[in-house]
Amino acid sequence: MPKLLSSLAILYLLVLVRSHGKTKIPENNYAISIHDLGKLIDYEHYLLGILQNFSNALQQRVDAIEYYLNMTEYEEERKLPDDPFRAFRITRRLHSDYLNWMWLMEQQPWETLVKHITAIAPQMPTSKDIEEASSGLRLIQWTYSLPTAQMARGVLQSIHHKYAPSTSLDAMQCLTMARHMVNHKDFSRAKEWLMEGLKMHEADEENEFYYSQLGTPLADFYELFVRILDELGTRFLAMTELQLAIKNWPEEVSLQRAHSRLKMNIRIGKEPAKTKEKKTQGAYRNCCSTECRPTAKLHCLYNTTASHFLRLAPLKMELLSLDPYVVLFHDVVSDQDILSIRNLAKGGLARAVTVTQDGNDKEDPARTTKGTWLVENSKLIQRLSQLSQDMTNFDVRDADPFQVLNYGIGGFYGTHFDFLEDTEMGHFSDRIATAVFYLSDVPQGGATTFPDLGLSVFPEKGAALLWYNLDHKGVGDNRTAHSACPTIVGSRWVMTKWINEREQLFRRPCLTSI
């Protein structure tokens, strides 16, 4: 059976089944990892198998009825029997056959199938999941300035993804995105998504029964269209469209209510909603899309001085910024070690949280990722700790444990600092430096960007990014504000190491003046 939906659209089908820092970024909670998508695909195949069985059972009945109609030579024109055989056949059929047909129609072959669906209902995505999935698409569109028409057809940054027979969204999913945009007061994009869905729906008008059964009749499109036009201030056009919709669907109570609201808004002259444009740094969105470098004067070199070991095995280092200090090490983690790290982390991945000012852990809408801490003292961890010390020339005995993070489709981390802004939380040592090890390549998106520096680094498997969070006085450097751009395609795996300042007294002493 062919796959009907792309991975980005899986959540929409499953929810329908169930229902029977600095740069201001749209809030998003979407953190579906590749592991989660694997489960969703399994559920979808299971449900599609049930639908296929249901279709087969119905088709068997249709075939039997059509065969019976052919056998009885059914015709619209009524003719009286003109021979005893025909009279006998009619009498027998009326006496026996139709009682059996009535019994057949009373049987419901879907009862068992419904039980199968009900059995996995607790594992189905919730309304929160569909909200997060929609937020993920909205964030990707906002960050990378993607045209709605292209997104609806599976085109992301001019790349048409053809992993499945159809990766484009359908009319129902476009309607869901339009409603999501309306809920977030982005009426212009809501109109774009709705128009795409409306075109798809009208092109498939012979399957209106299909859309109605799945809860998205054409009347719903027009009802939302009228609301969007109302919010955008084009109310007389909205009234024209609404009167046409009421003429086509006079039984729809929701259209009558919309008509009353619209008349009231026209009568009182209600001001159209004004979308508040969020102030954003152009560097953020630009550097998420293309690799940014603040200067061309810096260069690459072999680092042989950070430790004695590097004299024998120097590291390939690319200088990205001298103030603040930012460097990129190439080919520092082997594929074998990366596989071992990811295997260690997979069993413990959980939604990452941030520490609030009162010291409690809380899900942060600006941080949509799953992570785990590698606390065991294995030979692999010891070797990676030594590598971190060789790279940075810092003492890592007081450093935080390694943290492995996985960003699924749409996953991101809003602009933030790694140094601890609140010194009253009981921390005795601030984070002097951060090392980020890239454990995967990312086909599209997922860059680490520093908006104030005009700098971005795209994930390169086996590489490691290092920067200093504190200046020479031990004060947090606001220029190190950074973000993980949304992942468009693929899965972004990273491992972070926060190095604390307490043990660096003689390795990087604080200066009273610069």
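Let's start at one small spot in this predicted model: Gly371 stands opposite Leu405 in S10. That pairing belongs to a longer contact, as strand S9 (residues 370–374) and strand S10 (residues 402–407) are joined by 5 bridges and run antiparallel. Strand S9 is mostly covered, with 4 of its 5 residues buried. S9 also joins S6, through 2 bridges and again in the antiparallel sense; here Arg351 has Lys370 in S9 as its bridge partner.

Now step back to see the sheet. It is open and made of 9 strands, in the order S3-S4-S5-S16-S12-S19-S10-S9-S6, with antiparallel pairing. Its edges are strand S3 (300–303) and strand S6 (350–351), each of which pairs on one side only. Elsewhere in the order, strand S12 (residues 431–438) meets strand S19 (residues 492–500) over 7 antiparallel bridges, and Tyr438 finds its bridge partner in Val494 of S19.

Next come the cysteines. The model has 2 disulfides. One joins Cys287 to Cys292, with the sulfurs 2.3 Å apart. The torsion about this S-S bond is about -110 degrees, so the disulfide is left-handed. Cys287 counts as buried because its relative accessibility is 2%, and Cys292 counts as buried at 8%.

The other disulfide joins Cys288 to Cys485, S to S 1.9 Å. This pair links distant parts of the chain, 197 residues apart: Cys288 lies in helix H13 (residues 282–289), and Cys485 in the loop between strand S17 (482–484) and strand S18 (487–489). Both Cys288 and Cys485 are buried. With a torsion of about -75 degrees, the disulfide of Cys288 and Cys485 is left-handed. Numbered in sequence order, the bonded cysteines pair 1-3, 2-4.

Key: Residues numbered from 1 in each chain as written. Predicted model: local features only at pLDDT ≥ 70, side-chain atom pairs only at ≥ 80, totals over all residues. Heavy atoms only, no water. Pairing = 2+ DSSP bridges. Buried < 20%, exposed > 50% of the residue type's maximum accessible area, 1.4 Å probe, protein only. Disulfide = S-S within 2.5 Å.
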